[in-house]
Amino acid sequence: MAKFMKKRSQKAGLPPGTLVYTGDRPAKDVEVSVAHYNAQDYKETLQKTFRECPLGLDASHITWINLNGIHQVENLESLGDCYHLHPLVQEDILNPDQRPKVEDYGDYLFIIVKMLHLKEKPEGLFTEQVSIVLGENFVISLQENDKDIFDPVRQRLKIGKGRSRGEGADYLAYALLDLIVDHYFVILERLGEIIEDLEEELVANPTPVTLNRIHRLKRDMIILRKSVWPLREVVSQLERRESSLIKDSTNLFLKDLYDHVIQVIDNIETFRDILAGMLDIYLSSLSNRLNEVMKVLTMIATIFIPLTFIAGVYGMNFKHMPELEWPWGYYSALLVMALVSLGMILYFRKKGWLGQKG
Amino acid sequence: MAKFMKKRSQKAGLPPGTLVYTGDRPAKDVEVSVAHYNAQDYKETLQKTFRECPLGLDASHITWINLNGIHQVENLESLGDCYHLHPLVQEDILNPDQRPKVEDYGDYLFIIVKMLHLKEKPEGLFTEQVSIVLGENFVISLQENDKDIFDPVRQRLKIGKGRSRGEGADYLAYALLDLIVDHYFVILERLGEIIEDLEEELVANPTPVTLNRIHRLKRDMIILRKSVWPLREVVSQLERRESSLIKDSTNLFLKDLYDHVIQVIDNIETFRDILAGMLDIYLSSLSNRLNEVMKVLTMIATIFIPLTFIAGVYGMNFKHMPELEWPWGYYSALLVMALVSLGMILYFRKKGWLGQKG
Amino acid sequence: MAKFMKKRSQKAGLPPGTLVYTGDRPAKDVEVSVAHYNAQDYKETLQKTFRECPLGLDASHITWINLNGIHQVENLESLGDCYHLHPLVQEDILNPDQRPKVEDYGDYLFIIVKMLHLKEKPEGLFTEQVSIVLGENFVISLQENDKDIFDPVRQRLKIGKGRSRGEGADYLAYALLDLIVDHYFVILERLGEIIEDLEEELVANPTPVTLNRIHRLKRDMIILRKSVWPLREVVSQLERRESSLIKDSTNLFLKDLYDHVIQVIDNIETFRDILAGMLDIYLSSLSNRLNEVMKVLTMIATIFIPLTFIAGVYGMNFKHMPELEWPWGYYSALLVMALVSLGMILYFRKKGWLGQKG
Amino acid sequence: MAKFMKKRSQKAGLPPGTLVYTGDRPAKDVEVSVAHYNAQDYKETLQKTFRECPLGLDASHITWINLNGIHQVENLESLGDCYHLHPLVQEDILNPDQRPKVEDYGDYLFIIVKMLHLKEKPEGLFTEQVSIVLGENFVISLQENDKDIFDPVRQRLKIGKGRSRGEGADYLAYALLDLIVDHYFVILERLGEIIEDLEEELVANPTPVTLNRIHRLKRDMIILRKSVWPLREVVSQLERRESSLIKDSTNLFLKDLYDHVIQVIDNIETFRDILAGMLDIYLSSLSNRLNEVMKVLTMIATIFIPLTFIAGVYGMNFKHMPELEWPWGYYSALLVMALVSLGMILYFRKKGWLGQKG
Amino acid sequence: MAKFMKKRSQKAGLPPGTLVYTGDRPAKDVEVSVAHYNAQDYKETLQKTFRECPLGLDASHITWINLNGIHQVENLESLGDCYHLHPLVQEDILNPDQRPKVEDYGDYLFIIVKMLHLKEKPEGLFTEQVSIVLGENFVISLQENDKDIFDPVRQRLKIGKGRSRGEGADYLAYALLDLIVDHYFVILERLGEIIEDLEEELVANPTPVTLNRIHRLKRDMIILRKSVWPLREVVSQLERRESSLIKDSTNLFLKDLYDHVIQVIDNIETFRDILAGMLDIYLSSLSNRLNEVMKVLTMIATIFIPLTFIAGVYGMNFKHMPELEWPWGYYSALLVMALVSLGMILYFRKKGWLGQKG
């Protein structure tokens with residue numbers, strides 16, 4: 001069940017807090033980027049490992065450390081040493097089967113969310129766990145894959161466009177979350193198009209393949225729900241939290257983010273309703289087709305079986321069958337047959353079997 | 001999925017607060033009407049754009065600015081400058097995929113609701129986002145389409161009938177909301193009539209077209225729910241709010257409006273129950289028809305197949321078949337056939353297959 | 001959809017508080033009865049209209065004004081003038097599509113409940129809106145129909161039996177509500193009997209008519225729910241309310257009434273569960289019948305089609321068919337046929353198709 | 001609907017508080033037992049009626065009055081006089097359609113619960129209303145039937161085993177409730193066995209009788225739920241209540257009782273889930289059988305119909321049919337037939353129709 | 001119903017607090033292990049019975065008593081004497097049908113949870129009740145089976161690895177609970193694999209066996225839910241509790257445990273959704289197959305029945321049938337037959353019956 005659960009059995013029996021990566025798609029290369037910026041300037045370094053704490057952490061700059069690829073436990077351990085991350089936080093980061101959540105550890109907030117990827121091969125929706133640690137003037141973001149999803153935010157920071165550079169670490173964390181939620185809308189639009197296709201297919205020509213696609217979409221919806229429903233709680237907690245780490249100016253943006261999450265949830269529920277309805281329609285349409293097939297069979301059989309019987313009667317070899325001698329016997333038999341089939345056709349017309357489809 | 005989601009993907013990656021219209025049905029012409037009124041007089045001007053703030057905003061008059069068509073971002077920007085609307089408010093107005101909501105920005109309340117239109121081509125229910133900004137003595141209303149839905153309120157204000165002119169801006173906002181909710185009842189009545197038609201069709205002659213209509217109605221119900229359920233929360237918040245923008249005298253009217261919204265919701269849920277029941281009936285009726293068809297086939301086949309067999313036996317060409325020589329052989333064979341079919345008919349009558357339908 | 005919604009579209013666009021009767025079954029004659037009573041005496045007058053306020057309203061007497069028929073707006077207007085009823089109260093009274101509710105207007109409580117009538121023609125459950133205004137020492141009750149449902153209470157008051165005459169206006173209002181809830185039990189018993197009939201019919205001989213009756217009962221249940229669920233909230237609010245209009249002595253009776261409403265709701269939910277189960281049984285029973293029909297067809301066809309084939313083989317006209325010349329050819333053919341059909345019957349017995357039904 | 005509702009229509013229109021027994025299974029004989037006991041001694045008297053208050057009610061003894069059979073209104077009236085029971089309490093006792101509930105009347109608590117009986121004839125689950133009045137040092141218990149369900153408690157009191165005699169009236173009331181809840185487990189075990197039987201029947205040989213039994217079990221579950229769900233609230237209220245009638249020492253026992261009720265509810269919900277699943281399986285199994293029957297028919301028909309056609313062709317009486325003259329014509333025809341049927345069988349094998357069932 | 005309910009009927013009528021083991025799988029051998037440890041040292045003794053209180057209970061050591069096998073009531077009684085366990089606690093321990101719960105008895109916390117075992121013979125999920133008593137510096141754990149599930153914790157304590165030895169009794173209790181919850185993930189992974197297998201089977205070749213496996217999995221899910229849902233409440237109560245028995249340092253671990261329980265619940269609900277969807281697919285796939293079978297039958301019958309009729313006509317023995325004399329009569333008949341079957345095939349192609357499957 002690769003899609004629904006990660007292998008956690010390897011951890012059963014180990015003491016709590018043991019650091020083991022339990023995901024199944026480790027990034028090929030680990031990439032560590034460390035950015036220091038404030039309204040005035042922006043510096044960035046790229047490394048392959050994270051071994052030593054970045055210097056020059058002063059209150060005038062925001063530090064953003066981003067890891068693509070979390071399977072190298074050593075990186076995480078030195079990160080944990082630098083920023084005093086609790087062992088349970090480190091364990092959760094390595095365990096990509098967490099629910100989205102936010103936890104307040106006093107000095108920092110620990111946030112887990114899910115990035116979603118709609119892949120073609122194998123077809124379906126895949127989740128990537130993204131962990132964010134928000135401190136006084138630093139943000140640490142950790143991604144499972146090696147493809148950097150946060151590039152648009154980094155570009156905005158670099159060119160200093162928008163309000164992003166002048167704001168604090170909390171605004172950066174918000175921007176990262178906002179990017180992920182915006183991506184949900186892209187996923188939803190794509191799923192919406194697939195659903196629209198399916199609806200047309202359902203009306204035009206439903207096949208077992210249609211059923212299979214409905215089933216796969218339903219699974220995607222289950223994955224989506226699992227990722228988004230808890231996110232609602234996360235954003236709501238961030239918004240209400242009195243933590244000094246989140247400034248009032250960021251609060252309005254978090255409220256807006258909350259609205260977006262609710263919209264995503266609304267759309268998911270709408271899609272679920274539609275998919276449930278499609279299954280009913282699929283079944284009804286199967287029944288309709290069976291009815292139609294059976295009508296054709298019944299009409300043909302009901303018309304020809306009596307005729308064949310009549311022909312059978314006059315195919316008997318009895319010595320004494322007066323009708324066989326009649327000069328008009330053959331034509332009379334044909335006439336009787338015609339009358340019988342006419343009667344049947346009138347009966348079917350009365351039943352409305354002919355009017356509807358032909 | 002034009003009906004369920006607007007294209008928001010174009011916004012993914014952009015910084016929050018960027019103003020882009022993401023709807024899919026921009027109004028052809030933009031129409032801006034600015035009305036100043038109090039209990040004594042009423043002035044109104046019509047413009048094509050909104051470029052400069054209306055003068056003469058004094059506490060003795062209420063100003064009502066109405067925009068039909070929101071896709072021209074410039075109008076919204078100057079409006080925002082005049083009334084100090086928060087960038088997120090402007091973004092929400094341009095984004096017609098919002099849920100109905102109310103937000104308190106201190107100086108003004110920002111309300112989003114949905115107008116519903118039941119169209120013939122393409123058939124179905126369409127939503128139009130209506131944004132209302134309620135300030136100390138001004139109301140701004142923004143509609144997506146170019147057809148002005150608030151005309152009845154404007155007429156009442158013009159002729160000064162009812163209590164509308166003497167009341168404050170909050171009463172005007174209430175009147176606009178009331179108009180929209182009243183329109184929901186019109187939509188519900190129309191849907192109710194369609195459901196009634198469908199029920200008769202279902203009893204008289206259910207076809208795949210009936211199924212399609214049930215399906216379409218279900219979709220309309222989903223859209224209705226999405227628009228009305230959050231509205232309940234909106235009106236309830238307005239009613240409970242201690243905001244100084246809403247006077248006590250208006251509160252009773254908001255309570256009444258709340259009752260109306262609950263009634264709309266009640267009716268929606270009732271219709272949903274009925275539609276769900278109709279699908280069951282449709283399926284049962286398909287099964288009934290299949291049963292009936294199969295009974296006809298079975299009766300015909302069961303009567304004639306044995307007869308045809310008997311005829312086949314005496315059609316064999318064996319040299320030594322004594323019955324063929326009997327003088328009454330033919331008549332005996334016919335008699336046996338008659339007895340067999342009589343026996344079958346009696347069996348069917350005992351089973352009750354003939355009594356029910358024929 | 002006469003049953004589920006009243007025509008409210010005529011009110012769309014009118015200013016709030018406009019008085020228009022929007023029901024569809026106006027009473028033929030309006031009857032106004034005004035009763036003054038206390039523990040000692042009881043006076044009653046009957047009128048055709050309500051034009052002037054009843055005199056002699058003193059604290060020592062309770063005044064009970066009852067209107068049968070509310071479509072004459074003038075009656076309501078003078079009533080509103082006498083007792084200072086809010087325009088929205090008057091509008092709600094005339095609008096028979098309200099949900100049951102209670103509203104506290106300080107000087108009086110405004111209560112809306114639904115009376116239910118089970119009619120034969122057109123068959124089904126119909127609601128009648130009953131409005132009750134409870135003041136310091138007066139009660140106003142307004143019924144949509146001309147048949148007076150409150151007669152038993154009036155008779156008790158007249159003869160002074162029970163505790164009714166000695167108690168206050170709040171007890172009178174309770175007595176009216178109690179009467180209506182008691183009537184729900186009568187309706188439920190009747191519906192229960194119908195359900196019992198249906199269950200027997202379902203076991204004995206399910207037909208499309210049965211399905212139709214189940215469907216109609218489901219609709220009745222929906223109407224019942226819509227009337228009774230909000231009533232629960234109404235009675236609960238009355239019971240908890242600190243309004244000085246309701247005395248402590250009446251509170252215990254309201255608690256009892258609340259219990260009765262809960263019992264009604266319990267029974268409605270039970271009936272709904274049973275009806276949902278009946279539909280499943282109906283469908284299963286259709287499938288069962290189809291199976292049985294198909295078994296009969298299959299058995300007949302499977303036995304006779306091979307036999308007919310054998311007969312057909314020996315009905316061929318080839319010149320060289322040695323079996324035809326055999327003296328025992330005919331009897332051998334009959335024997336083979338007998339063996340084939342015996343084999344088939346044994347096969348069916350093994351499959352258990354014969355054992356179950358025959 | 002004897003099972004789901006008692007006849008209450010006879011009470012409609014009567015003033016509240018009128019005493020009429022509305023149950024349908026009055027006990028044959030009424031039996032009144034009055035027991036006085038404390039840790040030291042135990043006295044008991046049996047009577048046929050309850051006419052006068054038991055003497056010697058002193059604080060050092062607990063008095064337990066038990067009535068089997070409540071249809072004689074006079075007994076209840078004198079009981080009410082002795083212990084000052086409110087008229088509404090007396091009415092509820094006589095009205096065996098009450099929901100389980102607890103009410104605090106200051107001097108005493110009034111408790112209504114349901115005893116359940118699983119009967120064979122008519123088969124099904126029947127409820128018996130049991131009312132308990134708990135006062136300072138007395139308990140009154142009233143049962144609808146004449147079979148005394150509280151005998152085990154009486155025996156324990158008599159022999160003075162366990163802690164029962166030394167405790168107060170509240171412990172006695174608890175013991176009675178505990179007995180009833182324990183009986184629910186007996187009922188559940190019996191129903192669980194029936195469900196297990198049904199599941200085996202469903203796998204081995206599902207018939208319409210199975211369906212009927214599932215349906216009946218579902219009804220029993222509905223009755224169980226109606227009796228047990230409100231009981232949860234009752235016990236929870238008793239446990240939380242600050243009433244001085246319940247001592248702290250009894251509280252732990254009530255908590256335990258509450259756990260038991262939750263377990264009963266858990267099991268009911270589990271059974272409901274299982275029963276719902278069984279209906280799905282029943283329907284699937286019907287579809288499976290239909291498929292199997294249709295495959296048999298189709299195979300036979302598809303093999304023999306073409307063969308019969310070939311035989312028919314050579315049974316035609318045309319003058320000029322060269323094949324008929326061929327010396328090997330007959331054998332060639334037989335060969336063609338064999339090949340056709342072989343082809344059909346190969347086609348069915350490819351389709352997998354033969355591999356699965358035969 | 002061995003799986004869903006334990007036999008409790010033997011306890012009905014007995015006084016509350018009677019000690020009787022009501023489980024159905026008593027352990028073969030009872031094994032009592034008593035461990036004393038602190039950060040410095042670790043002592044352990046193994047016994048067959050628990051008769052006397054362990055000596056040397058001082059605050060500097062933690063005592064952990066573990067019982068495998070609880071059916072010997074004497075062990076429990078002496079345990080209860082030593083640690084002053086309430087009779088109801090002892091009763092609950094012996095009654096393996098309890099819901100998971102936590103109860104605060106002041107001096108100790110009493111926790112009940114469920115261990116799950118996935119067995120092969122009889123196939124299915126089985127629960128084992130585990131009771132944990134957490135005191136000031138002791139933990140008592142009681143298991144139903146004789147296989148010790150807590151061995152990994154014991155090994156960790158022995159070798160003193162991790163933080164376990166230095167922490168208090170509350171951490172030990174947490175470690176035991178954590179072990180059980182970790183085991184749920186192992187169970188879920190195994191069930192996930194079974195579901196994945198089933199899905200492939202469903203697509204490739206659905207048979208009644210598939211249905212049976214779906215049904216069995218659904219039952220397992222019901223058992224899982226019953227065990228895990230209440231556990232959530234248990235852990236949440238432990239986490240929020242102000243009991244001095246749980247130290248602040250353990251609280252973070254309990255929070256982590258709570259997250260794990262939520263993840264288990266999430267996965268259970270996901271599996272339930274998937275299983276529900278699989279049943280729908282199974283039914284659709286049955287309908288699809290029936291449709292396909294019926295199409296084959298209908299095509300064969302519809303093509304050959306008219307042909308057979310034509311052959312039958314020219315098999316009649318009338319004296320005067322001119323076509324029989326025609327020299328090209330036979331070939332004309334064959335041609336007509338070919339044309340008829342061609343027409344039928346074209347008709348089927350138009351209907352799309354041939355294009356889809358063949």
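In this predicted model, strands β4(C) and β5(C) run antiparallel to each other and pair over four bridges. β5 spans residues 109-119 of chain C. If you want one rung of that ladder to look at, take C:V102, whose bridge partner in β5(C) is C:I111.

Step back from that pair and you'll see the rest of the sheet in chain C: seven strands, open, with mixed pairing, laid out in the order β2-β1-β3-β7-β6-β5-β4. β4 (101-104) and β2 (42-47) of chain C sit at the edges with a single partner strand each, so one side of each has no neighbour in the sheet. Going from one strand to the next, the twist averages 15°.

Now over to chains E and D. Their contact draws on 69 residues from chain E and 64 residues from chain D. Together they bury about 5,800 Å², and carbon and sulfur atoms give 63% of that area. Four salt bridges turn up across this interface. One of them joins D:D259 to E:K101, with the closest N and O atoms 2.5 Å apart. There are also 15 residue pairs in polar contact between the two chains, counting pairs with both residues at pLDDT 80 or more.

What does chain E bring to its side? The elements giving two or more residues are α2 (87-94), β4 (101-104), α5 (208-240), α6 (248-313), α7 (322-325) and α8 (329-351). The largest share belongs to α6(E), with 19 residues. By residue type, the side of chain E that touches chain D splits into 38 nonpolar, 12 polar and 19 charged.

Technical notes:
Residues are numbered from 1 along each chain as its sequence is written. Chains are lettered from A and ligands numbered from 1 in the order in which they are written. This is a predicted model: local features need pLDDT of at least 70, side-chain atom pairs count only at pLDDT 80 or more; totals for chains, interfaces and linings use all residues. Side-chain values use heavy atoms; hydrogens and water are left out. Contact means heavy atoms within 4.5 Å. Buried area is the accessible area (1.4 Å probe) that two parts lose on being put together, summed over both. A salt bridge is a side-chain nitrogen of Lys or Arg within 4 Å of a carboxyl oxygen of Asp or Glu. A polar contact is a pair of N or O atoms within 3.5 Å; within protein, one must be able to donate a hydrogen and the other to accept it, and residues adjacent in sequence count only if both atoms are side-chain atoms. Ala, Val, Leu, Ile, Met, Phe, Trp, Tyr, Cys and Pro count as nonpolar, Asp, Glu, Lys and Arg as charged, and the others, Gly among them, as polar. Two strands pair if DSSP finds at least two bridges between them. Axes are lines fitted to C-alpha atoms, for helices over the stretch in contact, and angles run from 0 to 180 degrees between N-to-C directions.
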